[in-house]
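Me: I would like to go through this model and ask, term by term, what each label rests on. Please set the values against the cut-offs as we go.

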Amino acid sequence: MFGLGIRYLMGWAMAAADGAGKRRAEWPPHPDRVFMALAAAWFETGRDAAEGEMLKWLEGCSPPRLATSLDMTQFRSVVTHYVPVNDSGMAKAKTVEGKLKSGKDGLKDLKEMGMSLLPELRPRQPRSYPVAIPRDAVVHLTWEQPLPERHRSALASLCGKVVSLGHSASLVQMWVTDHPPQANLVPVSGMAEHRLRVFGEGRLAYLETRYNRDRYIAYVELEEEVKNAKGKTKSTLKQRLEEEFPEGKPVSLRPEPGLWQGYSSRTFEPETEAP
C-alpha cells in the first residue's frame with residue numbers, strides 16, 4: 001500500500017469542476033487532475049526517463065481511494081475579478097510595428113499604445129476563480145498495491161516538482177507515503193454519490209499529443225530562421241516551412257476529460273471494546 005499526500009499551502013483549492021465555465025469549484029481534487037500535474041512537471045523539467053517509466057506504471061494502477069474532507073457544500077464559492085486584458089494591446093502593437101516597418105510615422109501611435117498598455121488604462125473583463133475551502137487542506141490518494149522500489153525515488157522526485165494543482169495560484173506540497181490515512185471515498189460500480197475523473201493506460205501519451213510541444217517548438221524555430229534569412233536561403237527555408245507544416249502553426253490543446261469513476265463515501269465507527 002502507498003499513497004500520495006497533497007497539502008494545499010494556502011488553505012484553499014482553486015480549480016474549476018466545469019472546465020471553461022468556471023462556475024463550480026472542484027473538490028476533492030480528481031485523480032486525473034493529480035496525474036496531469038505530475039505529467040506537467042515531467043514535461044517541464046526535462047522528461048527524465050525513470051520518471052516517465054514511473055508515470056506509465058502509475059497509469060496501469062487501479063483508480064485510487066481518497067482520504068479527504070467531504071463536507072464542502074457550504075464552503076464552495078466563485079470569486080469574480082475584473083482584470084486588464086492583453087489582446088487589445090497586442091493588436092495595437094502589431095499595427096504600429098507594421099507602420100514603422102513601412103516607413104510611416106508610427107511614433108505617435110506608439111506613444112498612445114504604450115499608454116494604453118498601462119494596467120489602469122486597459123479595458124477590464126470579468127474573470128471567475130472557483131475556490132473550495134476544505135476543513136482539512138490535506139488530501140491523500142491511496143492505492144492498495146505496493147509501490148515498486150524501482151519507481152519510489154522517481155515518484156518522490158516528481159512529487160517534489162509539482163508546485164500547484166488546478167490554478168497556478170493554488171500552491172501545493174506533494175509527497176509519497178507508505179502509511180496514508182484510512183480512505184473515506186472509495187471507487188464503486190453502478191450508482192454512486194460522486195463522479196470523479198480518473199486516468200488510465202495511455203493517458204500520458206494522450207497528454208503529450210495534445211500538448212504538441214515538439215512540433216510547436218520546431219515550427220517556431222524554423223519560422224525564426226525564415227525571418228532572419230535572406231535571398232535564396234530565405235526562399236528555401238520558407239518552402240521547407242510550408243512542406244513540413246502545411247496546416248500552419250501547430251497548436252497546443254487543452255486535454256479532454258479521460259475516464260469517469262463512481263465514488264461513494266464511507267464512515268468509520270470508532271472501535272469499542274466488547275464488554
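Reply: Let me start with a definition: rings of Phe, Tyr and Trp, the last by its six-membered ring, pair if their centres lie within 6.5 Å. The model is a predicted one, and in it Phe-2, Trp-57 and Trp-143 form one aromatic cluster, while a search of the whole structure finds 6 aromatic pairs.

Me: Why is the pair of Phe-2 and Trp-57 called tilted?

Reply: The centres of Phe-2 and Trp-57 are 5.9 Å apart and their planes make an angle of 35°. Planes under 30 degrees apart count as stacked and those over 60 as edge-to-face, so what falls between is tilted. Phe-2 lies in strand E1 and Trp-57 in helix H2, so this pair ties together parts that are 55 residues apart in sequence.

Me: What makes the pair of Phe-2 and Trp-143 stacked?

Reply: The ring centres of Phe-2 and Trp-143 lie 5.0 Å apart and the planes meet at 10°, which is to be set against the limit of under 30 degrees for stacking; the pair is therefore stacked. Because Phe-2 belongs to strand E1 and Trp-143 to strand E6 (residues 138-143), the pair ties together parts that are 141 residues apart in sequence.

Me: How do you know that Phe-2 and Trp-143 are buried?

Reply: Buried means under 20% relative accessible area; Phe-2 has 0% and Trp-143 has 2%, so each of them counts as buried. Trp-57 is buried as well. Over the whole protein, buried residues make up 36% of the 275 residues.

Me: What makes you say that the buried residues of H5 line one face of the helix?

Reply: In helix H5 (residues 149-161) the buried residues are His-151, Ala-154, Leu-155, Leu-158 and Cys-159. Viewed down the axis of H5, these residues fall within an arc of 140°, so they line one face of the helix. An α-helix has 3.6 residues a turn, so residues three or four places apart point the same way. On the other side of H5, Glu-149, Ser-153 and Gly-160 are exposed.

Me: Which elements do the buried residues of H5 pack against?

Reply: They pack against strand E1 (2-8), helix H1 (31-44), helix H2 (49-59) and strand E7 (172-177). Two of these partners, E1 and H2, also carry the rings of Phe-2 and Trp-57.

Me: How many disulfides are there by the distance rule?

Reply: The rule asks for a pair of cysteine sulfur atoms within 2.5 Å, and by it the count comes to 0 disulfides. As for the surroundings of the cysteines, Cys-61 has 9% relative accessibility and Cys-159 has 1%, so both fall under the 20% limit and count as buried.

Me: Why is Arg-47 called partly exposed rather than buried?

Reply: Its relative accessibility is 21%, and since buried means under 20% and exposed over 50%, Arg-47 falls in between and counts as partly exposed. Arg-47 is placed in the loop between H1 and H2, and its phi is near 55°, a positive value in a residue other than glycine.

Me: What makes you place Arg-195 over the face of Trp-260?

Reply: Arg-195 is 4.1 Å from the ring centre of Trp-260 and lies over its face; the distance part of the rule asks for CZ of Arg within 6 Å of the ring centre.

Terms used:
Residues numbered from 1 in each chain as written. Predicted model: local features only at pLDDT ≥ 70, side-chain atom pairs only at ≥ 80, totals over all residues. Heavy atoms only, no water. Buried < 20%, exposed > 50% of the residue type's maximum accessible area, 1.4 Å probe, protein only. Helix = DSSP H or I, 4+ residues; strand = E, 2+ residues; numbered from the N terminus. Arc of directions from axis to C-beta. Contact = heavy atoms within 4.5 Å. Lys NZ or Arg CZ within 6 Å of the ring centre and 35° of its normal.
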